[in-house]
Structure formats: structure tokens, C-alpha cells
Amino acid sequence: MNTDFTSMPLPKLIRLIALPSSIGLIFNTLFNVIDTYYGGLVSTTALAALSLSFPVFFIVLSIGMGMGTGATTLISSSLGAGEKKKAGIYAAQAITLSFFNALLLTVVGMILAPHLLKLLGAKDEYLGIAVAYMNIILSGTLFFLLNSALNAALTSRGDTKTYRNFLVAGFFLNVVMDPWFMYGGFGVHAMGVGGIGFSTVIIQILGSGYLIYRIKKRKIMEGISLTEFIPQKRPMLDLFKQGFPASLNMMTVAIGIFVITYFAGKFGKEAVAAYGIATRIEQLALLPTIGLNIAALTIAAQNFGAGLPSRVMDSWKLNIIYGLLIILVGITGVAFFSEPLMKIFTSDPNVISIGIEYLHVAVLFFCAYIFLNISVSTLQGIKKPLYAIFVGTYRQFLVPLPLFLLLSIHLGWGTKGIWWGIFFANWSAAIFTFFYTRRRLQKLMVPLKK
């Protein structure tokens, strides 16, 4: 039975969507934590190579994540307007689009990855490990993108439990498969750090099979024929209109990570490794709130499609309040336990020291993420995706780049200059975004007052 987005009490609806999403995403980050942990067992160089590879692959992954967001918006809005057939066509076209995107991105990614890794400072063994890992990960691009499209079809109907189940199962599989493929045994040759990437791809393939099974069982694509998977001009244009800005927003995040990693690399591979570990810890603290972004998007889209702007406004406010309350726990945990958390992944004192330095600044802008992410998700839900590009460019590139140059290089603050640059960029963007979103939502309600 589909969730009633337009009449269910908002607190209950938010919990129904956000809780499974948050649990799933926590396990997804733990999945990455396991990768980081095993990379650290090999060497600091291997750990740095994994950290260096993340922003490069995130550029590829951002396309799938953005298109998934666009598909969720269109499917949810159609369902809110009572157009079930149209919602099914959008889902089918999103799946088709993921195939074409995957083909392009796999080829382009494999060509550009070595050059991007060199730009970030990788060379010799450092570069070799990173390239080998990236080539394996890029071979699974189709399944990363396909899973985003399949999840959009489920999430738009209030089903966040299926994807949660996949992410939880994927974590436990990864705990077993990472060391198996790294060190070999039971008919498998030792693959070293490449085994970490191979494990990830295998799990994504299994996830695609599970998500397709659940979509068939729930009859989500019922009434949709194979011919409706053939590219159609109008739905494809709509998907690009909603998904491409979201992809560009995610791309700015990837570029932001790229820029930070580039500047961190100027202070040695220890700084790169420290940033990689610290961001995993940061993600763990933030992930209980990420489900609220998904709730904000789907609730806004369904109620916008149904012509209920007051519920969109109320959902935005309530999600922000919940987010701020939840993140206080993360702030407290990271602030007081940053050192033991860093020591889980490495024994290198330089890496630990730099990681602690970052985390102590990061907790001061955790709340900014709440205002930013929930507001941007709500704007995407009401089909205002272009703002995400503006704010993403501002906080990931336009402001950080000159600040990093000024603080870390010219004023000699070192890595601290990078972290404080991130602080200013996020808070200035969050304050503006909050007031901009409030004004846009108030404008939606004007017709009701006439």
C-alpha cells in the first residue's frame, strides 16, 4: 500500500520516510568506513590513495545521484497529482537514462581518472594504487546509477525500507568480502587494495537484482510496457530539467572535495589521509539527519503536485527542527571523541593530529548543513532545482578557493586555513539559503490568501 503523503500527519510521515533512510545511509557510510579501515591496514600510502580516489569517483557518482533526485521529484509530483501512468513512465525513462549515462561516464572516467589523480599529487606507487582501485570502481558505474534510478521509483512511493535493507546487507557483505578479496583464499587470488573496489562492485550488482525484485513484487511498474523504456523526448527533457541541475549540484560537492584534497595534498599525503578519515567520521555524525533530506524532497514534491503549499512549508520547518535536535548528538560525540575515533583507522601520529584539527572545526558548521540540505531538498521538491547549482558553486568553489589561498598559503595557517575556509563558506551559504527558501515557500502560498 502506498503512503498517503497529502493527509498523513507530518511528524508520522517524516519518521516513516526518514528513519529507514537514515539507518540505511548509516550502514552505507559504515561500508565506506570498513573500506578505509582495511586500506589503513595496508599502509598510509594505500589509505591516502583511497582518500584521493573518492573525489574523482564522486564526480561520476554525482550524475547518478542527481538524476535520481530529479526522478524522485517528477515521480512524486505526478503521484501527488493523481497521474500514476505518468509516474510509471518517468520511472522507466529514468532507468533507461541511467544506462546511457553509465556508458558515457565509464569511458570518460577511465580516460580522465589518471590525469585527475596526478593533479591531486599522486605519483609512483601512490598513483598506481589509486588508478588500479579507480578502474575497478568505474567498471561498476552502471550499477551505481541504475540503483539510484530504481531507488527513486521506490522512494517516491514512501518505500525507503527496501533501499535500507540493501545498504544494511551490503555492509555485512563488505565486512566479509573486503578481507577475502584483499588477502585471497577459497579460490580467490589476493588483489590487495583492488579487492576493496571489487567487493564494492559485486555488492552493487547484487543490490540491483534485489531492487528490481522488490519493484516487481510491489507492482510499481505495473502497466508499463517495454516500449516505454525506449527514450521519449518529453519525459527525457523533464528528467534533464530536474535531474541535471541536481547533478550539477552534486558535481559542485565533488569539485569541492577535489579542491580541498588538492590543497590538503600540498601539506603531504598524511594530510590527505587525515581528511579522508575525518570526513568518514563527519559523515557518520551527519547521516542520522540525511534521511530528513529525502523526507523533505518527497513530501514537498507530492504536496506541491497536489496543490498543498502549506504542507510543504510545514514539512520544511519541521525537518529543520528535527535535524538540529539530532545533530546535537553528533556534535557532542565528535567533539569529545575525535582522537579515539581517528585512532581506529590509523596509528600515524601526524594523520591523527591533522584529523583531530579538522574535526574540531567541523563540529562548528554541522548545523549549517541542516539548513542547507533540507532547504535545497525542499526547493528541488517544488521544482526549483537551479538554486542548488548557485549555492553549490558558491560554497564549494567560489568562496573556498580564494579563502584557501589566503588562509592556508599566504597567511601560513596551513591545514587550519582550509578548515576555517570551509566553515565560512558553509555558514554564509546556509544563512542566505534559509531566508531564500522561506521567501520562495511564502510565495507559493499567496494564491491561497487571495
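**Exercise 1. The largest nonpolar core**

Task: In this predicted model, find which residues of the largest nonpolar core touch the most other members, and which helix gives the most to this core.

Solution:
- Step 1. The largest nonpolar core holds 105 residues.
- Step 2. The residues that touch the most other members are Ile299, Met342, Tyr358, Phe365, Phe366, Trp419 and Ile422.
- Step 3. Helix H9, spanning residues 269-305, gives the most to this core, contributing 15 residues.
- Step 4. Another core lies apart from this one. That core has 35 residues, including Ala71, Leu74, Ala87 and Leu239.

**Exercise 2. The contacts of Phe366**

Task: Leave aside the neighbours within four places in sequence, and list the residues in contact with Phe366.

Solution:
- Step 1. With those neighbours set aside, Phe366 is in contact with Glu282, Ala285 and Leu286.
- Step 2. The list for Phe366 also includes Ile327, Gly330, Ile331 and Val334.

**Exercise 3. Lys383**

Task: State where Lys383 is placed, and decide whether Lys383 is buried, partly exposed or exposed.

Solution:
- Step 1. Lys383 sits in the loop that runs between helix H12 (366-381) and helix H13 (386-398).
- Step 2. Lys383 is not a glycine, yet its phi is positive, about 65°.
- Step 3. The relative accessible area of Lys383 is 34%, so Lys383 is partly exposed.

**Exercise 4. Asn165**

Task: Place Asn165 in its helix and describe its polar contact with Arg164.

Solution:
- Step 1. Asn165 belongs to helix H6, residues 161-183.
- Step 2. Its relative accessible area is 31%, so Asn165 is partly exposed.
- Step 3. The side chains of Asn165 and Arg164 are joined by a polar contact of 2.9 Å.
- Step 4. Tyr210 is 45 residues from Asn165 in sequence, and their C-alpha atoms are 9.5 Å apart in space.

Technical notes:
Residues are numbered from 1 along each chain as its sequence is written. This is a predicted model: local features need pLDDT of at least 70, side-chain atom pairs count only at pLDDT 80 or more; totals for chains, interfaces and linings use all residues. Side-chain values use heavy atoms; hydrogens and water are left out. A nonpolar core is a set of buried Ala, Val, Leu, Ile, Met, Phe, Trp, Tyr and Cys residues joined through side-chain atoms within 4.5 Å. Buried means under 20% relative accessible area, exposed over 50%, partly exposed in between (1.4 Å probe, protein chains only). Helices (H or I, at least four residues) and strands (E, at least two) are DSSP runs, numbered from the N terminus. Contact means heavy atoms within 4.5 Å. A polar contact is a pair of N or O atoms within 3.5 Å; within protein, one must be able to donate a hydrogen and the other to accept it, and residues adjacent in sequence count only if both atoms are side-chain atoms.
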